[in-house]
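Welcome, and please bring up the viewer with side chains switched on. We will walk through a few charged pairs, one selection at a time.

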Amino acid sequence: MKGPGKSHRKGISLLQLAEMFPTEEAATKWFEKQMWPTERGCPKCGSVKTSEVPNARPMPYWCTDCRSYFSVRTGTALERSKVPLRKWAFAVYIVATNLKGVSSMKLHRDIGVTQKTAWFMLHRLREAWAAEGPETFGGPVEVDETYIGGLEKNKPKSKRLGIRGGTGGKMAVVGAKDRETNRITARVVDRTDRDTLQGFVESHREDGATAYTDEHRAYRGLPNHQTVKHSVGEYVNGQAHTQGVESFWSLLKRGYHGVFHRMSAKHLQRYVDEFAGRHNVRDRDTIDQMTDLVCGLVGRRLMYRDLIQPTGGRSAVAS
């Protein structure tokens, strides 16, 4: 039961979803309404001098100013996708409403595409949550770091990264949570030294905002800063604690262990963006969550060849 003063979030059942998108035409109209809420505009030049194309060939719309064809997919992460928009609408719903994420195997079964296609679709949707730039918080701000992946000793020799001791072989992620707005931002980092962690804090808090962290020595000397000493069993010291951001790490790791089982180092930031993005809209109505995700696709582009291109060095995080 919701506590006093808390609004009830309006969800959408699977039956309601099927009624919303009974046909490809209905799904297309819904996507167009989200992309062009007031007036249809050309995604290439921004002009509103557009017209419908007879038979929608080669595309449904024509821009008079830049003299080019376009569709609702043009200029978004869905561009050149052959997957019907009705299936994309169901994928948006599934991704937006599963707090621990959804695997490509489940998505491929749920909407009837290949696992390879489902994997590509999920990464395209994650692009919608990628931050354009550092988000700053008014504070107080909780800051903490965590490690994702398996230890070197548990990996096949071909996947080992040559890192020994402690959290060796895992990837570090640092995150900040604003207590005022409950928003989260997080970033994968190569190291957890003073310059990296303090630089992260300063780029994500407004001047004068208080930062709460644990006793990690990298935070020493940080202005407007209070700590809790986890090493001696102290988790709350007055207003100083990091329980909010630690709760986010818990959800991320439940998704890692229970849903994905493995997140490659190359794509880890996308998974982190997905969990942070979903957290930041989790109190909104489901339809608003879906709209937020779809609108985030505008201006994004992700090519399959870039997804599968191997990277050097720390190439994988194995479970």
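Start by selecting D110 and K106: in this predicted model, the two side chains form a salt bridge, with their closest N and O atoms 3.0 Å apart. Both residues sit in helix α4 (residues 104–111), and because they are four residues apart there, about one helical turn separates them. Now switch on a surface. D110 is partly exposed, at 41% relative accessible area, and K106 is partly exposed too, at 34%.

Next, select E274 and R126. This salt bridge brings the closest N and O atoms to 2.6 Å. E274 belongs to helix α8 (residues 268–280) and R126 to helix α5 (residues 115–127), so the pair ties together parts of the sequence 148 residues apart. Are these partners buried or exposed? E274 is buried, with a relative accessible area of 1%, and R126 is buried as well, at 2%. Keep both selected and add R278: salt bridges with shared partners connect R126, E274 and R278 into one network.

For the last stop, pick E79 and R301, whose side chains meet in a salt bridge at 3.9 Å, N to O. Here the pair links distant parts of the chain, 222 residues apart. Look for E79 in the loop between β3 (68–70) and α3 (85–97), and for R301 in the loop between α9 (286–295) and α10 (304–308). E79 counts as partly exposed at 22% relative accessibility, while R301 is partly exposed at 39%.

If you would like to keep exploring, the structure holds ten salt bridges.

How values were computed:
Residues are numbered from 1 along each chain as its sequence is written. This is a predicted model: local features need pLDDT of at least 70, side-chain atom pairs count only at pLDDT 80 or more; totals for chains, interfaces and linings use all residues. Side-chain values use heavy atoms; hydrogens and water are left out. A salt bridge is a side-chain nitrogen of Lys or Arg within 4 Å of a carboxyl oxygen of Asp or Glu. Helices (H or I, at least four residues) and strands (E, at least two) are DSSP runs, numbered from the N terminus. Buried means under 20% relative accessible area, exposed over 50%, partly exposed in between (1.4 Å probe, protein chains only).
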